[in-house]
Amino acid sequence: MTSSTTTKPAAGAMLPRRRRFGAETIFRWLTTGAGTAVLVIIVAIATFLIAEAVPALRDNKENFFTYKEWFTGPADRKFGIAALAFGTVLSATIALLLAVPVALGIALFLSHYAPRRISTTLGFLIDLLAAVPSIVFGLWGRDYLVDPVKDLSAWLNEYMGWLPLFGGDGPFGKSVLLGSIVLAIMVLPIITSLSREVFMQTPKANEEAALALGATKWEMIRTSVLPYGRPGIIAAVLLGLGRALGETIALAMTLGTTFVISFNLVETGGNSIAANIANKFGEADDFGRGALIASGLVLFTITLIVNMTARAIVYRRREFR
Amino acid sequence: MAKRIEASGVTAYYGAFKAIDSVSMTIEPKSVTALIGPSGCGKSTFLRSINRMHEVLPGARVEGRLTVDHQDIYERDVDVTAVRRMIGMVFQRPNPFPTMSIFDNVVAGLRLNGVRGKAALEEAAEKALRGANLWNEVKDRLKKPGGGLSGGQQQRLCIARTIAVEPQIVLMDEPCSALDPISTLAIEDLISQLKDKYTIVIVTHNMQQAARVSDRTAFFSIEKTGDPGRLVEYDDTQKIFTNPAERKTEDYITGRFG
């Protein structure tokens, strides 16, 4: 009917028509597509895990959730997740207990204590540590860390053997302690650099508010930096935990590969879902693979629960952010 | 309670840049002193020198002598946190701790001082909030976050937090510049009341405000950008605004400059 030009309105006449297929629209569809892809990938992985796992679970002669051992040969089809899941959670927990205080300490040093030059260099080294492949950590732990940890284990056993954690009669060496120490070093960089970012974002106004009240530096950090960074710290720890739970090869090389539920950290032993998959996958037949994939499904679920719990913690006090 | 501040030859630097040059002035106890002047003239820097907050910035330092009741606060073995407890500060933008409730904000300084015990903290919080004319507005929601208050209420919360530790001197760095006129009036009323107990030094860009609230006014200025700020004139507010001795002061307060 009227003029079809959309670019130049006549002087003083109509406003330009809205563009229906401009860059705006394309960009909106691109972002929507990227967002949808996440959902598709998650569903695809879950479907794969369930489809592969169900046949093996159907032929399992033992209770998958309570049985501790793992036999998938043609003669002996009994396997259970109990010891593996326990080992996964135990080694990841110990690793975080070791790593988080150190990581937060380094992060605070870098963000609030170190001179700029040292802070930049050290920050770079931390990022470099994050780039070391896990197989290298595994080899290093197995070949070099094993002896010091053996000595440490013997010492802990001698002086604190009354604690079930450090009890037993040995042998020491490839144990939950060794695996957890290697894991701790592996998750250290990610927790450090994320919390450093968060600490550096603390508003100067809040830091000055604390200082002007007569806070010492540490008191200032406690009243303004740490509370402000709390959700960020939780997110950083969560990412570290995610990595620790899923870590495969380094644990396959440093744990003692036993199938028991025990809190003993120093005796040879320990296992994890991912390490077990790495150890067994090569020689497994179709049934064995199905069984391992079933264990992968459990790991997937554990990680999901951990993530959701942490999110719930972060959002619980949202009123205060 | 209130104490006298004496500055002589106070010179402050940011790294190599000299921000104020040799400021000398005496601030009487239980008075309100306004620091006015164009942007970059060093009035805020001087204010921050009084409670040693200037040196918090990297590379910043202060020379000269600054005494509070004859005690040199820059002496080598003086505990800087003790200085800041004695000399409270209210900032340009309200800065309550975002993760804390109203109550926790008010008592934050007391907790830093090691005050424990629910009753003592509650009593002090009520006293400080009443002192900041905020009690009636927040007494029913002390557990709510301080960030949920309006800008003016947040600023009074910050004043409550400052006076809760019972300082001798209260410094205010443009405390109303982020507030609407009604909140500004509320703060100005509060300043007039606080004067009975504290020595108050306030930096302001608003000359009517300086005229309304202060007993004495100090005018700072710079020759040109890059030069250090200097104290041009310091006298009774009445005199500064009616019959200033310096031509520069007159130009500034009549709006011909700055």
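This tour moves through chain A and then chain B, naming at each stop what to select and what is found there. The model is a predicted one.

**Chain A as a whole**

Begin by selecting chain A and colouring it by secondary structure. The display should contain 10 helices and two strands. Traced from the N terminus, the order of elements is α-β-β-α-α-α-α-α-α-α-α-α, with the two strands following the opening helix.

Next, rotate chain A to view its overall extent. Its C-alpha trace spans about 95 × 60 × 35 Å along the principal axes. The radius of gyration is 26 Å, whereas a compact globule of 321 residues would have a value near 20 Å. Of the 321 residues in chain A, 43% are buried. Among contacts with a separation of 6 or more, 72% join residues that are 24 or more positions apart.

Now turn on the surface of chain A. Its accessible area is about 17,800 Å², and carbon and sulfur atoms account for 66% of that area. If the charged side chains are displayed, 29 positive and 22 negative ones appear. The centres of these two sets lie 16 Å apart.

**First stop in chain A: A:P133**

Select A:P133, in the loop that links helix 3 (116–130) to helix 4 (134–160) of chain A. A:P133 counts as partly exposed, at 44% relative accessibility. From here, add A:V314 to the selection and draw a distance between the two C-alpha atoms. The separation is 30 Å, for residues that are 181 apart along the chain.

**Second stop: A:N264**

Move to A:N264, in the loop between helix 8 (249–254) and helix 9 (273–280) of chain A. Is A:N264 buried or exposed? A:N264 counts as buried because its relative accessibility is 12%, and the cut-off for burial is under 20%.

Show the side chain of A:N264 together with the backbone of A:E267. A polar atom of that side chain lies 2.9 Å from the backbone nitrogen of A:E267. Then display the surroundings of A:N264. Leaving aside neighbours within four places in sequence, A:N264 is in contact with A:P164, A:L165, A:G167, A:G168 and A:V176.

**Third stop: A:F300**

Select A:F300, a residue of helix 10 (residues 286–316) of chain A. With a relative accessible area of 25%, A:F300 is partly exposed. Which residues does A:F300 touch, not counting those up to four places away in sequence? They are A:I42, A:I45, A:A46 and A:L49. Of this group, A:L49 may be highlighted for a distance: A:F300 and A:L49 are 251 residues apart in sequence, but 9.2 Å apart in space from C-alpha to C-alpha.

**Chain B as a whole**

Hide chain A and select chain B. Its secondary structure comprises 10 helices and 10 strands. The radius of gyration of chain B is 18 Å, close to the 18 Å given by the globule rule for 258 residues, so chain B is as compact as a globular protein of that length. Along the principal axes, its C-alpha atoms fill a box of roughly 55 × 45 × 30 Å.

Of the 258 residues of chain B, 55% count as buried. Among its contacts with a separation of 6 or more, 67% are between residues 24 or more positions apart. With the surface displayed, chain B exposes about 11,000 Å², of which 47% comes from carbon and sulfur atoms. Its 34 positive and 32 negative charges have mean positions 4 Å apart.

**First stop in chain B: helix 1**

Select residues 43–50 of chain B, which form helix 1. This helix is largely enclosed by the rest of the structure, because seven of its eight residues are buried. The buried residues are B:K43, B:T45, B:F46, B:L47, B:R48, B:S49 and B:I50. After the helix comes B:R52, which has a positive phi near 60°.

**Last stops: B:N133 and B:E174**

Select B:N133, in the loop between helix 4 (118–131) and helix 5 (135–138) of chain B. Although B:N133 is not a glycine, its phi is positive, at about 55°. B:N133 is partly exposed, with a relative accessible area of 31%.

Finally, select B:E174, in the loop between strand 7 (169–173) and helix 7 (181–194) of chain B. B:E174 is likewise not a glycine and has a positive phi, of about 45°. B:E174 counts as buried, at 10% relative accessibility.

Notes:
Residues are numbered from 1 along each chain as its sequence is written. Chains are lettered from A and ligands numbered from 1 in the order in which they are written. This is a predicted model: local features need pLDDT of at least 70, side-chain atom pairs count only at pLDDT 80 or more; totals for chains, interfaces and linings use all residues. Side-chain values use heavy atoms; hydrogens and water are left out. Helices (H or I, at least four residues) and strands (E, at least two) are DSSP runs, numbered from the N terminus. The radius of gyration is taken over C-alpha atoms; the globule rule is 2.2 Å times the number of residues to the power 0.38. Buried means under 20% relative accessible area, exposed over 50%, partly exposed in between (1.4 Å probe, protein chains only). Contact means heavy atoms within 4.5 Å. Accessible areas come from the Shrake-Rupley method with a 1.4 Å probe; for residues, only the protein chains shown count as cover. Lys and Arg count as positive and Asp and Glu as negative; His and the chain ends are not counted. The place of a charge is taken as NZ of Lys, CZ of Arg, CG of Asp or CD of Glu. A polar contact is a pair of N or O atoms within 3.5 Å; within protein, one must be able to donate a hydrogen and the other to accept it, and residues adjacent in sequence count only if both atoms are side-chain atoms.
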